[in-house]
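Work through the exercises below with the model at hand, and compare each step with the solution that follows it.

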Amino acid sequence: PFEAALDADVRIGFERTIEQDIAFGIRQQIDIGCKALSPAINDPYTAVQAIDHLAVVCCDLAVRPLGTKIITGPAGRGRVVIPENNFADYIFFIGGLFGRYGSSDLVVMLALLRLFETVVEVLPPGSARLAVIERAAVEALADAERSIPRPPSLQRVRAAVKSLRIKINARSELKP
């Protein structure tokens, strides 16, 4: 019975699909954004659009249970382990790649920080995931400080991170 149920729910195919693998869809959006940032294309607004689409996905992920799943058999013992990404994996994957390829572009970095801010707004007060967003914002700032040559642009990124950290701290202190 357990094996039959598992066979009915497991599909093995040649290609990954967005419906079965959210990380695949996220990767596609990141690829679009990062390729748009390449010197040959130099289209930061396409990267911003990709980040805006990812903000919607991240807000949905922010309020879902994530991570490895264990399917148990009739005796209650683990029978199948399905490794999956946790919330931090998704946030640091997105932030890390845009930080690497888009850190010298003000509009891209501000869009990334807006993504983080949008996620903060949907997280429940006191959520442990707020600390993930704060670490990602600090890493984004470090990327920008290494890459943005114009002081006024860098100051805008610093101000956005400061504002975001204030919002994170306010939501962290709220009782759930």
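**Exercise 1.** Establish what span the 19 residues of H6 should have at 1.5 Å a residue, and compare it with the distance between the end C-alpha atoms.

*Solution.* Helices here are DSSP runs of H or I with at least four residues, numbered from the N terminus. The expected span is 1.5 Å times one less than the number of residues, so H6 should span 27 Å, and its end C-alpha atoms are indeed 27 Å apart. This is a predicted model, in which local features need pLDDT of at least 70 and side-chain atom pairs count only at pLDDT 80 or more, while totals for chains, interfaces and linings use all residues. Residues are numbered from 1 along each chain as its sequence is written, and side-chain values use heavy atoms, with hydrogens and water left out.

**Exercise 2.** Identify which helices the buried residues of H6 pack against.

*Solution.* Buried means under 20% relative accessible area with a 1.4 Å probe, protein chains only; the buried residues of H6 include Arg-129, Glu-134 and Asp-143, as well as Leu-130 and Ile-133. Taking contact as heavy atoms within 4.5 Å, the buried residues of H6 pack against H3, H4, H5 and H7.

**Exercise 3.** Determine how H3 and H4 are oriented to each other.

*Solution.* With axes fitted to C-alpha atoms over the stretch in contact, and angles running from 0 to 180 degrees between N-to-C directions, H3 (residues 44-62) and H4 (residues 87-102) pack at about 170 degrees, their axes 11 Å apart. Angles over 145 degrees count as roughly antiparallel, and H3 and H4 are therefore roughly antiparallel.

How values were computed
Helices (H or I, at least four residues) and strands (E, at least two) are DSSP runs, numbered from the N terminus. Angles under 35 degrees count as roughly parallel, over 145 as roughly antiparallel, 65 to 115 as roughly perpendicular and the rest as oblique. Buried means under 20% relative accessible area, exposed over 50%, partly exposed in between (1.4 Å probe, protein chains only).
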